[in-house]
Amino acid sequence: MSAQTQVRRITAPQIRARKGQDPLVCLTAYDAPMARLLDPHCDLLLVGDSVGMVVHGLDSTIGVTLDMMILHGRAVMRGAKRALVAVDLPFGTYENSPQQAFENASRVMCETGCQAIKIESGTYAAETIAFMAERSIPVIGHIGLRPQAALADGGFKAKGRTEAERQRVIDEAIATDKAGAFAIVIEGVAEDLAREITEAVSVPTIGIGASAACDGQILVTQDMLGVFDWTPKFVKRYDNQAERSSEAFARYADEVRSRQFPSDAQTYSLKPVDG
Ligand code: KIV
């Protein structure tokens, strides 16, 4: 233990202990300024591989690399001081073997300082989760709609609509729980299935498009802020940033064109911003 002041971050065991307690407040973060704004409000910040679509303009999360996750993970860790920060392992960096997953997860943890790793966890991933958890990597599973399977599935589709698919999602949840994940993200399932899973597993479930029957919720921050012209149907928008930003850019362009901008170098000193 060093003599330095320790920042009290929320830990994986604390998140696990929230099963059936106050709902977990979770959002995605990809950069330091946004992480700083989110930190006082959230229990968990996820550096999701959705960064590929939200920030880098990809059509899916396929194409996101480990280096991208590390770069964004480091930025989020600089901005967040209190929330638990988890980083996604992207497609192709963990499915081959438990050893591959451990090597990449430990690299992400060492190079970012994050406290947990998330992987999309079909039943095949149970061995990998157990391998990592036994070696002290806190793991979050992700079941139901698994975005990294979108190409194989033919798109982003809700899960559990047929009896066979419903059973598959329940099997994924139970396998992920038994393997030692400390929380499970459930994406794109109906309320009754989310409730059944939440009652069946020993760890908190964190829903995204999976109803209030879960132990908490996560959304893509830019979706709930209204940064895009479209949004998944289940997302409630808390702001309309696309419209407000366009108005601000137009106002800026007008003012620059009419030379209403400061040209004095003394304005470089920092001042607090109010309002
Ligand atoms: O990549 C991501 O952002 C996710 C979510 C759970 C939102 O996996």
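Helices (H or I, at least four residues) and strands (E, at least two) are DSSP runs, numbered from the N terminus. The model is predicted, so to speak of local features pLDDT of at least 70 is needed, side-chain atom pairs count only at pLDDT 80 or more, and totals for chains, interfaces and linings use all residues. Residues are numbered from 1 along each chain as its sequence is written, and side-chain values use heavy atoms, with hydrogens and water left out.

**Exercise 1. Find serine 211 and describe its backbone and exposure.**

Step 1: Look in the loop between β7 (205-208) and β8, where serine 211 lies.
Step 2: Check the backbone; phi of serine 211 is near 75°, a positive value in a residue other than glycine.
Step 3: Turn to accessibility, where buried means under 20% relative accessible area, exposed over 50%, and partly exposed in between (1.4 Å probe, protein chains only). Serine 211 has 31% and is therefore partly exposed.

**Exercise 2. Do the same for arginine 259.**

Step 1: Go to the segment after α11 (241-257), which holds arginine 259.
Step 2: Arginine 259 is not a glycine, yet its phi is positive, about 60°.
Step 3: With a relative accessibility of 68%, arginine 259 counts as exposed.

**Exercise 3. Trace the barrel and its pairing.**

Step 1: Recall that two strands pair if DSSP finds at least two bridges between them.
Step 2: Follow the order β1-β2-β3-β4-β5-β6-β7-β8; these 8 strands close into a barrel with parallel pairing. Neighbouring strands of this sheet are turned by 25° against each other on average, direction ignored; the axes are lines fitted to C-alpha atoms, for helices over the stretch in contact, and angles run from 0 to 180 degrees between N-to-C directions.
Step 3: Zoom in on one pair: strand β1 (residues 24-28) runs parallel to strand β2 (residues 44-47), joined by 3 bridges. Threonine 28 stands opposite leucine 46 in β2.

**Exercise 4. Which residues line the largest cavity, and how do they divide by class?**

Step 1: Set the terms. On a 1 Å grid over the protein atoms alone, a cavity is a set of points where a 1.4 Å probe fits but cannot get out, while a pocket is an open set with protein on both sides within 12 Å along at least five of seven lines; lining residues have an atom within 4 Å of a point. Grid points are joined across faces, edges and corners, and a volume is the space filled by probe spheres set on the points.
Step 2: The structure holds 1 cavity of 30 Å³ or more, and the largest cavity has about 30 Å³ of space.
Step 3: Its lining is made of Cys26, Leu44, Leu46, Lys118, Ile140, Val185, Ile206 and Ile218.
Step 4: Sort them: Ala, Val, Leu, Ile, Met, Phe, Trp, Tyr, Cys and Pro count as nonpolar, Asp, Glu, Lys and Arg as charged, and the others, Gly among them, as polar. The lining of the largest cavity then divides into 7 nonpolar, no polar and 1 charged.

**Exercise 5. Describe the largest pocket.**

Step 1: About 740 Å³ of space lies in the largest pocket.
Step 2: Among its 33 lining residues, Phe156, Glu187, Val220, Asp223 and Pro232 lie nearest the centre.
Step 3: At least two lining residues come from each of α3 (51-54), β4 (116-120), β6 (183-187) and β8 (216-219).
Step 4: By class, the lining of the largest pocket has 18 nonpolar, 7 polar and 8 charged residues.
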